Amino acid sequence: MVTTQHFEGFAREMVETQLRPRGIHDERVLDAMLRVPRHEFVPPQFVAAAYADHPLPIGETETISQPYIVAAMTEAARVSPGDKALDVGTGSGYQAAILACLGARVYTIERNPRLAEEARLRLARLGYQIVEVICGDGSEGLAAHAPYDVIMVSAAAPSVSPALLNQLAEEARLVVPVGDLYHQDLLLYFKHGGEMTVRALDPCQFVPLIGRGGWPE
Ligand code: SAM
């Protein structure tokens, strides 16, 4: 039988063998990766593989991202308690839960109604009341709650929509995979003194961001 204790062991192993050796050093991020029960965010048939070093299917041809990518994006976003965060591409709700665990107030937007509803129920059941799930096209952000201190996009965009950049507060960070349908670079935008700087982080491979500011359906 697989028990809660086993999952704690799997999470610790994930941190020690996947995340730290690849350069994730922010202890707050590592602690969030330990505390958020990733096995609750995957379908029952994948529970045993929840902490393994790869993405997993979550239904509707979508995926929960690999733990390392979630950790790398979160570390790059330098989330502080009280930050207002926008998470584009809710999927399972796991990334939103990690942001909430770091003390952010989270708006997360998902275009697939079934995934959005499942994530809403899951996050409520697990006690992440600080996360609001919205169903819709987040490729141009979510103007209703802007500006944000952090925007994380976990689907691949052909370019960065100006609308997303316009929704960044002063000193805000945007992490977004940009490229073609098969290969992207994870980009980190930083707004400081009204100016935007951009830095390429890791190469990556995400499912497409579909919508007005992304790829056509
Ligand atoms: N962050 C998710 C998690 O923790 O499980 C994984 C995200 S999955 C790699 C990408 C998600 O982006 C999919 O669920 C997909 O339906 C969603 N998506 C794609 N285009 C979108 C859009 N324009 N607006 C909102 N969600 C979108």
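**Close-up views of the ligand site and selected backbone features**

Strand β2 gives the most to the shell around the ligand, with three residues. The views below all come from a predicted model.

**View 1. The shell around the ligand.** Let's start with the company the ligand keeps: 25 residues surround it, and the closest are Ser 92, Glu 110, Asp 137, Gly 138 and Ile 210. By type, the shell divides into nine nonpolar, 12 polar and four charged residues. At least two shell residues each come from β2 (62-64), α4 (94-101) and β4 (105-110). As for its location, the ligand sits in the largest pocket.

**View 2. Polar contacts to the ligand.** Zooming in, two side chains face oxygen atoms of the ligand: a polar side-chain atom of Ser 92 lies 2.6 Å from one oxygen atom, and a polar side-chain atom of Glu 110 lies 2.6 Å from an oxygen atom as well. At Gly 89 the backbone takes part, with an N or O atom 3.0 Å from a nitrogen atom of the ligand. On its own the ligand has 610 Å² of accessible area, and the protein covers 99% of that.

**View 3. Helix α3, a mostly covered helix.** Here we move to residues 67-77, where 10 of the 11 residues of α3 are buried. Among them are Pro 67, Tyr 68, Ile 69, Val 70 and Met 73. Just after the helix comes Arg 78, whose phi is positive, near 40°.

**View 4. Gly 9 in helix α1.** Gly 9 has its place in α1, which spans residues 4-19. Gly 9 counts as partly exposed because its relative accessibility is 36%, a value between the 20% and 50% cut-offs. Tyr 51 is 42 residues away along the chain, yet the C-alpha atoms of Gly 9 and Tyr 51 are separated by 9.9 Å.

**View 5. A cis peptide bond before Pro 147.** The bond from Ala 146 to Pro 147 is cis, with omega near 5°. Look for Pro 147 in the loop between β5 (131-135) and β6 (148-153).

**View 6. Positive phi at Thr 61 and Glu 171.** Neither residue is a glycine, and both have positive phi: near 60° for Thr 61 and near 70° for Glu 171. Thr 61 belongs to the loop between β1 (56-59) and β2, and counts as exposed because its relative accessibility is 77%. Glu 171 lies in strand β7, residues 168-179, and at 34% relative accessibility Glu 171 counts as partly exposed.

Notes: Residues numbered from 1 in each chain as written. Predicted model: local features only at pLDDT ≥ 70, side-chain atom pairs only at ≥ 80, totals over all residues. Heavy atoms only, no water. Near = heavy atom within 4 Å. Polar contact = N/O pair within 3.5 Å; in protein donor to acceptor, adjacent residues only side chain to side chain. Areas by Shrake-Rupley, 256 points an atom, 1.4 Å probe, with all protein chains shown as cover. 1 Å grid on protein atoms, 1.4 Å probe; cavity = no way out; pocket = protein on both sides within 12 Å on 5 of 7 lines; lining within 4 Å. Sits in = over half its atoms within 2 Å of the grid points. Helix = DSSP H or I, 4+ residues; strand = E, 2+ residues; numbered from the N terminus. Nonpolar A, V, L, I, M, F, W, Y, C, P; charged D, E, K, R; others polar. Buried < 20%, exposed > 50% of the residue type's maximum accessible area, 1.4 Å probe, protein only.
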